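Thanks for coming. I will go through one structure today, a piece at a time. Please have a look at it before I start.

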Amino acid sequence: MRANIIDAPNENAQGCEYFLPQLTFLDQHYVNATDYFSWIFLQLKEQGFVRSSFLEAIVAREKTYPTGLPTLPVAIALPHTDPQHVIRPFISVTRLARPLAWHEMGNDDNTLYVHFIVLLGFVDHNSHLTALQKLMDCLADEDVVQTLREINDRDTFLSTFTSRLQLDKDL
């Protein structure tokens, strides 16, 4: 079945302009979530995706509303912040080399060890909610997640991921 996922038609990937190779990172390592947020902020700020207020806002939001999901076969995190901190919409995907401690969504007393971080940056709330639901649905598919864990090429990873999402162009 995994071969079918990789070979799936890529019609939606071309419409997913928010997924960019330069914001897709494979086998990264961070000490903790704050380390990740500091690093990704520099990447996003340098490329003109976020405002200077983004780092403080994303860290504060994650503390108040954790975004770890206990999906199988591995946990994932879907951090996001308010649109006023975003200049250009984006979705950044990071596959971690080692699991990272992250608080669970809706149960911040529970710590998960996430293998993927999918950071959402949108300029309006409706897009954010639609994308969040579609991402959660896609990442709840164990075959998709397992396939994404095994791909070593960033372009193949990105096209496989976006082809499975079926996101609309109008996010």
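**Strand pairing, a pocket and two buried residues**

Let me begin with one pair: His103 stands opposite Thr111 in S5. Before going on, this is a predicted model, in which local features need pLDDT of at least 70 and side-chain atom pairs count only at pLDDT 80 or more, while totals for chains, interfaces and linings use all residues. Residues are numbered from 1 along each chain as its sequence is written, and side-chain values use heavy atoms, with hydrogens and water left out.

Back to the strands. S4 and S5 pair in the antiparallel sense, over 11 bridges. Pairing here requires at least two bridges found by DSSP between two strands. Strands are DSSP runs of E with at least two residues, helices are runs of H or I with at least four, and numbering starts at the N terminus. S4 and S5 form a hairpin with 2 residues between them, and Gly106 in that turn has a positive phi of about 80°. Strand S5, residues 107-121, also runs parallel to strand S3, residues 75-77, joined by 3 bridges. There, Ile76 stands opposite Phe116.

Now the pocket. His103 and Thr111 both help to line the largest pocket, as do Phe37, Glu62 and Trp102, among others. Helix H3 (33-46), helix H4 (54-64) and strand S4 (90-104) each give two or more residues to this lining. A pocket is an open set of points on a 1 Å grid over the protein atoms alone, where a 1.4 Å probe fits, with protein on both sides within 12 Å along at least five of seven lines; lining residues have an atom within 4 Å of a point. About 230 Å³ of space lies in it, a volume being the space filled by probe spheres set on the points, which are joined across faces, edges and corners.

Next, Pro79, in the loop between S3 and S4. Is Pro79 buried or exposed? Pro79 counts as buried because its relative accessible area is 0%, and buried means under 20% (1.4 Å probe, protein chains only). Not counting residues up to four places away in sequence, Pro79 touches residues including Phe37, Glu62 and Trp102; contact means heavy atoms within 4.5 Å. Another on its contact list is Thr67, and the C-alpha atoms of these two, 12 residues apart along the chain, are separated by 5.5 Å.

Last, Thr24 in strand S1, residues 19-28. Thr24 is buried too, at 2% relative accessibility. Beyond its neighbours within four places in sequence, Thr24 is in contact with Val93, Arg154, Phe157 and Leu158.

Methods. Buried < 20%, exposed > 50% of the residue type's maximum accessible area, 1.4 Å probe, protein only.
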